[in-house]
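Student: I am new to this structure. Please take me through one helix and its surroundings.

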Amino acid sequence: MKIHLIAAAALTSLFLSSCATNQIQKRISNNLDIYSELSTEDQNLVQSGQIKKGMPKKAVFIAWGNPSRSAKGQNQSGPFEKWYYYQHSPRTTGGIYGGYGYYGYDHYGIGVNRGTSYDTELIAQVEFRNERVISWENSRNPRR
């Protein structure tokens with residue numbers, strides 16, 4: 001039984017990582033001109049969904065996709081841009097309700113209320129200056 005569960009988990013992990021890889025490959029195919037201008041090191045990082053300090057903004061797009069949100073600002077070092085990547089996870093909500101009388105009607109009943117809401121979590125952010133990565137952090141790789 002444990003072997004079946006481990007095998008199922010491994011296949012699921014492989015499937016999810018291949019989906020992410022397929023998205024990266026699709027972005028590479030759609031942006032061959034940008035990809036071909038990258039250094040060999042940056043190309044290898046992009047293919048595995050990784051980024052590094054100094055990497056061009058366009059390489060981050062290929063590695064991680066479009067950000068969920070972006071913002072521009074300025075500090076003592078000059079203008080900068082930040083990209084934010086969020087993950088939205090569904091959460092089932094609901095409960096049991098019941099009572100007597102409902103908006104003027106005489107009845108007694110019990111029911112179940114179900115719904116779905118979404119939790120939003122910041123999983124990565126990248127800061128650029130002069131179209132290059134100056135800092136980044138992530139709790140999960142946002143490869144999509």
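Tutor: Here is a close look at helix α4 and the loop before it. This is a predicted model, where local features need pLDDT of at least 70, side-chain atom pairs count only at pLDDT 80 or more, and totals for chains, interfaces and linings use all residues. Residues are numbered from 1 along each chain as its sequence is written, and side-chain values use heavy atoms, with hydrogens and water left out.

Confidence comes before detail. The mean pLDDT (the predictor's confidence in each residue, from 0 to 100) is 83 for the protein. Of its residues, 75% reach 70 or more.

Now the helix. α4 spans residues 57-64. Helices here are DSSP runs (H or I, at least four residues), as strands are (E, at least two), numbered from the N terminus. Six of the eight residues in α4 are buried (under 20% relative accessible area; exposed is over 50%, partly exposed in between; 1.4 Å probe, protein chains only). They are K57, A59, V60, I62, A63 and W64. After α4 comes G65, with a positive phi near 85°.

Next, the loop. S48 sits between α3 (40-47) and α4. S48 counts as partly exposed because its relative accessibility is 29%. Its side chain makes a polar contact with the side chain of Q50, at 3.3 Å. A polar contact is a pair of N or O atoms within 3.5 Å; within protein, one must be able to donate a hydrogen and the other to accept it, and residues adjacent in sequence count only if both atoms are side-chain atoms.

S48 also leads back to the helix. The C-alpha atoms of S48 and A63 are 7.4 Å apart, with the two residues 15 apart along the chain. A63 is one of the buried residues of α4.
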